[in-house]
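Thanks for making time this morning. Please have the sequence and the model open beside each other, and I will walk you through a few of its strands and helices.

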Amino acid sequence: MLDSTLREGEQTPGVVFSEEWRVRIAKALSDIGVAMVEVGDPNVAPDIKSAIKKIVALKKDGEIASEIVVHSRAVRQDIENAASLEPDRIAVFYGVSDIHLRHKHRKSREEALQVIAEMVSMAKSHGVKVRFTAEDASRADLDYLIQVVKTARDAGADRVSIADTVGVFTPDRAREVFSKVKAAVPDVGLDIHAHNDFGMAVANSLAAVEGGADVVHTTVNGLGERAGITPLQAFAAAYYYHKGAKLVKLEKLPEITAMVEVASGITVMPTFPIVGENVFTHKAGVHQAGVLANPETYEPIPPEVVGRTRDFSLDKYSGRKAIQHRLERMGISVPPEVLDKVVEEVKRTNARRLRDEDLLEILEKVTNAVYKARVNKHIEAYVWLKVANNVYTTSVARRVAAIRNVVAVSEVTGEYDIVAKVVADNTEELNATIESIREVKGVVSTLTSLVLKEIPVSNGRA
């Protein structure tokens, strides 16, 4: 697998990675096991070149294990600039469809083959591995595409990327193209670079692998031009499900997702495959009951495999078993008749999603018992006291107990000797009480903990 978050991903409108983020993302991709990391085109901007230098240095120091791939146009000075950074591989790209040749390059097919041969050979002369990317290959004439692949191989490329630049492949066509190219040129590695314009990037990538591709291009969160390219998370999980092999550390996917969300400023949809907030959250009562009986009923893979956890969304669609499960998860067990009343109340609500606190509020309504945590209207605190070794602890405790606003005092074991509970109407009053405690003879140090919420005891009463 190759990840191009730092190259294709930064071509997402509105996305600009800082140098620091580029280095952090490259290292994170290596840490989760991505085989190849495409780190960008140094000819785009000085900060990209600077970041690539740092990433290459980390590779030389052994902090990054992935193969470092640098992108370049099929232009002599661009290739020389890329080679000066000493990456593991240079990826030279050139449009090969008649549309690109006619309107972008203004070259004939034969002229394009000459450019490809010359530029790939030049890149290879710098002592690095070379990949040639056949841009817009999915719209190129297949016989001509095979000529392109042979030309790139003969010029020194050990890999050729067949790019579905505008996402027009179907799985059947992707499988067919890769099968025929592989049969015609078996001694070169093949990459699939699938854009997601019609939402088929993952399917096309899997089909290309079946046809002979041995490297799939991805980006974290599916970033890239227009609709992006194959999302790393979705492809890695799908490959694991269908092929039984882990291409990366799947349990680390949520971490890399969150990192790129922050770095890019683009958050994934709740329904985004594998890492979206809703993916392992079940709503309909039938689904909830099925998952509680056996998760395989409505989950293709266990959430733990991809670093996720299972949850149930509560609203009027929820059934008895899901509501009971949520209460038990909060440590609350209720008799069947109470549960029936809770379910009845839940069905009457029209909230989009019931939080734990909302469910507890319903439970309180039908039982007249206290279940919700209460935020205190006054200020409560516990003050921990350490007493000097030559002072009788109980005498100190008695003096503290006599101080205004101290409502309880206990002698305890451990690092501290006494704990006092203080209740005050405001912070000024609390501070005065703490100062009075500190002035008691024999107290050598204190530690204060504020009470944030009061939690009901297990019998449902505060």
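Let me begin with one pair of residues: in strand E5, the bridge partner of Ile 90 is Val 130. Before I go further, please keep in mind that this is a predicted model, in which local features need pLDDT of at least 70 and side-chain atom pairs count only at pLDDT 80 or more, while totals for chains, interfaces and linings use all residues. Residues are numbered from 1 along each chain as its sequence is written, and side-chain values use heavy atoms, with hydrogens and water left out. When I say helix or strand, I mean a DSSP run, H or I of at least four residues for a helix and E of at least two for a strand, numbered from the N terminus, and two strands pair if DSSP finds at least two bridges between them.

Back to that pair, then: Ile 90 bridges to E5, and strand E4 (residues 89-95) and strand E5 (residues 129-135) run parallel, joined by 7 bridges. E4 also pairs in the parallel sense with strand E3 (residues 67-73), over 5 bridges, and there Ser 72 is opposite Val 92. Is E4 enclosed or open? Of its 7 residues, 6 are buried, so the strand is largely enclosed by the rest of the structure, where buried means under 20% relative accessible area with a 1.4 Å probe, protein chains only.

Between E3 and E4, helix H3 (residues 76-83) completes a right-handed β-α-β unit; right-handed here means that, with the strands pointing away from the viewer, the path from the first strand over the helix to the second runs clockwise.

Let us turn to another sheet. Four strands form an open, antiparallel sheet in the order E12-E13-E11-E14. Strand E12 (406-411) and strand E14 (443-450) stand at the edges with a single partner strand each, so one side of each has no neighbour in the sheet. Neighbouring strands are turned by 20 degrees against each other on average, direction ignored, with axes being lines fitted to C-alpha atoms, for helices over the stretch in contact, and angles running from 0 to 180 degrees between N-to-C directions.

Within this sheet, strand E11 (residues 379-387) is joined to E14 by 7 bridges, and one of the pairings sets Ala 381 against Leu 450. Finally, helix H15 (residues 393-401) lies across E11, E12, strand E13 (418-424) and E14, running at about 170 degrees to E12.

Technical notes
Buried means under 20% relative accessible area, exposed over 50%, partly exposed in between (1.4 Å probe, protein chains only). Contact means heavy atoms within 4.5 Å.
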